[in-house]
Amino acid sequence: MISKNEIKYYSSLLLKKFRQQENKFIAEGSKVIDEGICSGNKPEIIITTVPYYESNRKYFESLQDFRIETVKSTEFNKLTDTKNPQEIISVFPYAINKFTIKKVSGNISVYLDNITDPGNAGTIIRNCDWFGITEILMSEESVDIYNPKVIRASMGSIFHLKIFDDTSVDDLIKLKINGYKIICSDLQGEDIFNFDRPEKSVLVFSNEAHGPGERILQTADHIISIKKKGKAESLNVASASSIILALMTK
């Protein structure tokens, strides 16, 4: 049986401050939880509502190696930030992954520059996973990768990738010195459809409202763009990332 103090403790993980203190995060939904477990991550606890447990007994039998607790819906709602929760969450520990040159091994890496929208960040992580990108660098200004909305939007891809938190332009410069070309996407730049990808590169996706920072532009070896054909003012950064990643990995 789960105690009220435990409910309070786990609900605190909805806040970045406590996630960082405890090095734990909440994953919501069976799909995300399954991805975590299949990727070799052991959940500390799985919490579900009584009706969901009763309707999915066979599923929970497959999770019998882990601690499973049922709670009332009113208690469960304290553990999620959604209006219509999926009625199952899990708590996973995580290790802080600090950037070093030796840890970057892929020919293409992605740098998220001031991506503050959790839905965009999670979708870009999912896009990277789809196109075989294994390493993502997050700027200090970007959203916390363990934000529940990021986790949900990633659909479990968060467990498949090597993600470096709180990286900087100085880290991009280190990669540049080690043979990587910095390729920044922006509204003004070379047409991506005519661009020849370097052998080793870091793709930079920036906040769509503010664009790339000045130091990013100064550091970039190439500026690329998806040329518009219609009247839309801009292209969502997550949508743009899927197009660019498809072309850069073909």
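Lys174 has a relative accessible area of 42%, which makes this residue partly exposed, and in this predicted model the side chain of Lys174 meets that of Asp171 in a salt bridge with an N to O distance of 3.7 Å. Asp171, by contrast, counts as buried, because its relative accessibility is 10% and the cut-off for that class is under 20%. Both residues belong to helix α9, which spans residues 169–177, and they are 3 residues apart, or about one turn of the helix.

Helix α9 also takes part in a second salt bridge, in which the side chains of Lys176 and Asp221 meet at 3.4 Å, N to O. This pair links distant parts of the chain, since Lys176 sits in helix α9 while Asp221 lies in the loop between α10 (214–219) and β10 (222–225), 45 residues apart. Lys176 counts as partly exposed at 30% relative accessibility, and Asp221 is likewise partly exposed, with a relative accessible area of 28%.

From here the reader can turn to the sheet. Its 4 strands form an open sheet in the order β1-β4-β2-β3, and the pairing is mixed. The edge strands are β1 (24–28) and β3 (68–71), each of which pairs on one side only, and neighbouring strands of this sheet are turned against each other by 25° on average, direction ignored. In general, strands of a sheet pair through backbone hydrogen bonds, either parallel or antiparallel. Here, strand β2, made of residues 45–49, pairs with β3 in the parallel sense over 4 bridges, and Val71 in β3 is the bridge partner of Thr49. Helix α3, residues 30–38, lies across β1 and β4 (88–93), and the helix runs at about 30° to β4.

Further salt bridges are found elsewhere along the chain. Glu75 forms one with Lys78, where the closest N and O atoms are 3.2 Å apart. Glu75 counts as partly exposed because its relative accessibility is 21%, a value to be read against the limit of under 20% for buried residues; Lys78, at 45% relative accessibility, also counts as partly exposed. In another place, salt bridges join into a network that links Glu6, Arg67 and Glu69. For the model as a whole, the count comes to 13 salt bridges, among them the pair of Asp171 and Lys174 with which this account began.

Key: Residues numbered from 1 in each chain as written. Predicted model: local features only at pLDDT ≥ 70, side-chain atom pairs only at ≥ 80, totals over all residues. Heavy atoms only, no water. Pairing = 2+ DSSP bridges. Helix = DSSP H or I, 4+ residues; strand = E, 2+ residues; numbered from the N terminus. Axes fitted to C-alpha atoms, helices over the stretch in contact; angles between N-to-C directions. Contact = heavy atoms within 4.5 Å. Salt bridge = Lys/Arg side-chain N within 4 Å of Asp/Glu carboxyl O. Buried < 20%, exposed > 50% of the residue type's maximum accessible area, 1.4 Å probe, protein only.
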